[in-house]
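Trainee: Could you take me through one part of this protein in detail? I'd like to look closely at the nonpolar core and whatever sits around it.

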Amino acid sequence: MTDRDVKNEAADEAQRGGEADTSLSSGHSGNFTLIIGEPVATAAQMAAYVLGVNPGPKLPFCTVKQLAEIFLEEGRAEGVRGDVAWAQSLLETGYFKYGRIVTPDMNNYSGIGALYEDQPGFAARFD
């Protein structure tokens, strides 16, 4: 499956009733979104959202859907909502457009160590 197929898959899922539940049990508490717990969004929904904003994400090692699946898998392993961590990565990377300090090859989706705006590439790198 390519990133181009993701939007259709997410639309199909929504038609089958796979839209995000906004009840307290799905991760919302008043005006706050809980980061601990099970994700509300699916990998297909997460990828479709990114591709709707940035149809050409700079991901040199995987597709946007594969990365979303990794976020969900790692989130479950740590007890953290992978969809919320994903949202933070979109903020930090400009929807995987990059263009500031962190570069796509750094695998640094949260901007760790990116402190000096005048020094592109000066941040933490991960395998």
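Mentor: Here is a walk through the core, followed by a buried polar residue and a pocket.

Keep in mind that this is a predicted model. For orientation, the protein has 4 helices and 2 strands, and along the sequence they run α-β-β-α-α-α. Of its 127 residues, 36% count as buried. Take the contacts between residues at least 6 apart in sequence: 54% of them join residues at least 24 apart.

Now the core itself. The largest nonpolar core holds 21 residues, and the ones with the most contacts inside it are Leu59, Val64, Leu67, Trp86, Phe96 and Tyr109. Helix H2 (43–53), helix H3 (64–78) and helix H4 (82–93) are the elements that each supply two or more residues to this core.

Start your tour at Phe96. Setting aside residues up to four places away in sequence, Phe96 touches Val50, Asn54, Pro57, Lys58, Leu59, Val64, Leu67, Trp86, Ser89, Leu90 and Tyr109. One of those partners, Leu59, deserves its own stop. You'll find Leu59 in the loop between H2 and H3. Leu59 counts as buried because its relative accessible area is 13%, and the cut-off is under 20%. Beyond its neighbours within four places in sequence, Leu59 is in contact with Val64, Leu67, Phe96, Tyr98 and Tyr109. For a sense of how the chain comes back on itself here, check Leu59 against Lys97: they are 38 residues apart in sequence, and their C-alpha atoms are 9.0 Å apart in space.

Next, a polar residue. Asn108 lies in the segment after H4, and with a relative accessible area of 2% it is buried too. What does its side chain pair up with? A polar atom of the Asn108 side chain lies 2.8 Å from the backbone oxygen of Ile112. Again leaving out residues up to four places away in sequence, Asn108 touches Thr93, Val102, Ala123, Ala124 and Phe126.

Two of those names, Thr93 and Val102, take us to the last stop, since both also line the second largest pocket. The rest of that lining is Leu91, Glu92, Gly94, Tyr98, Gly99, Arg100, Ile101, Gly111 and Ala114. Tyr98 is a name you've met already, as a contact of Leu59. By class, the lining has 5 nonpolar, 4 polar and 2 charged residues, and the pocket takes in about 220 Å³ of space.

Note on methods: Residues are numbered from 1 along each chain as its sequence is written. This is a predicted model: local features need pLDDT of at least 70, side-chain atom pairs count only at pLDDT 80 or more; totals for chains, interfaces and linings use all residues. Side-chain values use heavy atoms; hydrogens and water are left out. A nonpolar core is a set of buried Ala, Val, Leu, Ile, Met, Phe, Trp, Tyr and Cys residues joined through side-chain atoms within 4.5 Å. Buried means under 20% relative accessible area, exposed over 50%, partly exposed in between (1.4 Å probe, protein chains only). Contact means heavy atoms within 4.5 Å. On a 1 Å grid over the protein atoms alone, a cavity is a set of points where a 1.4 Å probe fits but cannot get out, and a pocket is an open set with protein on both sides within 12 Å along at least five of seven lines; lining residues have an atom within 4 Å of a point. Grid points are joined across faces, edges and corners, and a volume is the space filled by probe spheres set on the points. Ala, Val, Leu, Ile, Met, Phe, Trp, Tyr, Cys and Pro count as nonpolar, Asp, Glu, Lys and Arg as charged, and the others, Gly among them, as polar. A polar contact is a pair of N or O atoms within 3.5 Å; within protein, one must be able to donate a hydrogen and the other to accept it, and residues adjacent in sequence count only if both atoms are side-chain atoms.
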